[in-house]
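Work through the exercises below with the structure open. Each task is followed by a worked solution.

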Amino acid sequence: MNFNNIISETTKGLTTIIINRPSKLNALNEETINELHHAFKTAEQDRNTKVIIITGTGEKAFVAGADISEFADFSVAEGENLASKGQALLFDFVANLSTPVIAAINGFALGGGLELAMAAHFRIASDNAKMGLPEVSLGVIPGYGGTQRLPQLIGKGRAMEMIMTAGMIDADTAHKFGLVNHVTTQEELMEFSQKIASKIMRNSSVAIASAIAAINAGFEEGENGFDAEVIQFGICFGTVDFKEGTSAFLEKRRADFPGE
Ligand code: COA
């Protein structure tokens with residue numbers, strides 16, 4: 001598939017997806033959301049992809065939000081449909097991907113941009129990054145999971161304040177809040193993110209997929225994370241990676257996981 005708004009490239013087990021609408025600060029229009037869905041789906045199905053990094057083009061923005069020009073005249077039903085379709089195609093889709101997704105936040109991550117970063121499995125920010133959910137300043141609320149994922153990540157009180165004030169926080173504050181795991185210089189952001197990706201790649205991809213499923217289960221309504229962990233733990237015992245990992249340890253050699 002040819003993309004108009006994103007770039008997706010795969011080298012040495014790493015797929016990097018770059019949102020590429022710099023003239024609109026990488027704002028997420030419908031076409032970009034569809035392209036991102038396709039790129040994430042393709043990367044997950046590609047056995048050579050062990051980790052995905054999502055970032056934005058340029059030095060100014062990761063994503064400055066959903067594209068406001070597309071929904072300014074929507075009705076109640078259209079608004080609800082926009083949120084549910086977006087969550088299914090991109091935000092929940094990314095959060096539940098079996099391949100690890102790292103958001104490398106290279107500038108503004110606002111509204112849908114921060115929601116996309118929060119849907120990723122964890123986040124790394126450059127020191128110029130600014131994050132916020134400014135939706136109430138537009139008369140709307142976050143609709144791509146922001147009211148749920150922000151309190152999960154930084155606590156209810158801080159999330160309430162960020163959403164109510166529509167304010168932005170800088171990278172150091174985001175780090176202090178636990179919203180991002182690391183802060184780097186702008187120049188080092190991708191290299192640092194790639195280093196973490198290569199650490200992940202050394203491990204069993206099927207075990208990592210089970211870990212993602214178990215961790216996410218604890219945040220799902222009606223699911224018991226401990227029960228999910230028991231099931232996923234059991235599943236690991238049927239994998240080739242488990243045989244390889246335990247044999248390698250006992251034979252005092254480095255494991256070479258086939259990812260099966
Ligand atoms: N949707 C649509 N277009 C957007 C956008 C968005 N979320 N964010 C930025 N853009 C567009 C601007 O309209 C402008 O387009 P134009 O040159 O055709 O007029 C272009 O991107 C550059 O943005 P601009 O506002 O001129 O840059 P800035 O440096 O002055 O300000 C921001 C940067 C991020 C503070 C500002 O763009 C902004 O507040 N964006 C909206 C953030 C938001 O509310 N997001 C949540 C949406 S639900």
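**Exercise 1.** Find which helix gives the most to the lining of the largest pocket.

*Solution.* This is a predicted model.
- Start with the elements that each supply at least two lining residues: α3 (76-95), α4 (112-119), β7 (122-126), α5 (146-154) and α9 (205-217).
- Then pick the top contributor. α5 gives the most, with six residues.

**Exercise 2.** Describe the largest pocket by volume, lining and class of residue.

*Solution.*
- Volume: about 770 Å³.
- Lining: 29 residues, with A95, M118, R149, Q152 and N216 nearest the centre.
- Class: 15 are nonpolar, 10 polar and four charged.

**Exercise 3.** Which domains does the lining of the largest pocket draw on?

*Solution.*
- Take domain 1 (6-201). The lining draws at least three residues from it.
- Take domain 2 (205-250). Again, at least three residues come from this domain.
- Both domains therefore contribute, by the assigned domain bounds.

**Exercise 4.** Do the same for the second largest pocket: give its volume, lining, elements and classes.

*Solution.*
- Volume: about 540 Å³.
- Lining: 27 residues. A66, F71, E135, V140 and I141 lie nearest the centre.
- Elements: α2 (68-71), α3 and α4 each supply at least two lining residues. α3 gives the most, with four.
- Classes: 15 nonpolar, seven polar and five charged residues.

**Exercise 5.** Which helices supply at least two residues to the lining of each of these two pockets?

*Solution.*
- For the largest pocket, α3 and α4 are among the suppliers.
- For the second largest pocket, α3 and α4 are again among them.
- α3 and α4 thus serve both linings.

Definitions and conventions: Residues numbered from 1 in each chain as written. Predicted model: local features only at pLDDT ≥ 70, side-chain atom pairs only at ≥ 80, totals over all residues. Heavy atoms only, no water. 1 Å grid on protein atoms, 1.4 Å probe; cavity = no way out; pocket = protein on both sides within 12 Å on 5 of 7 lines; lining within 4 Å. Points joined across faces, edges and corners; volume = space filled by probe spheres on them. Nonpolar A, V, L, I, M, F, W, Y, C, P; charged D, E, K, R; others polar.
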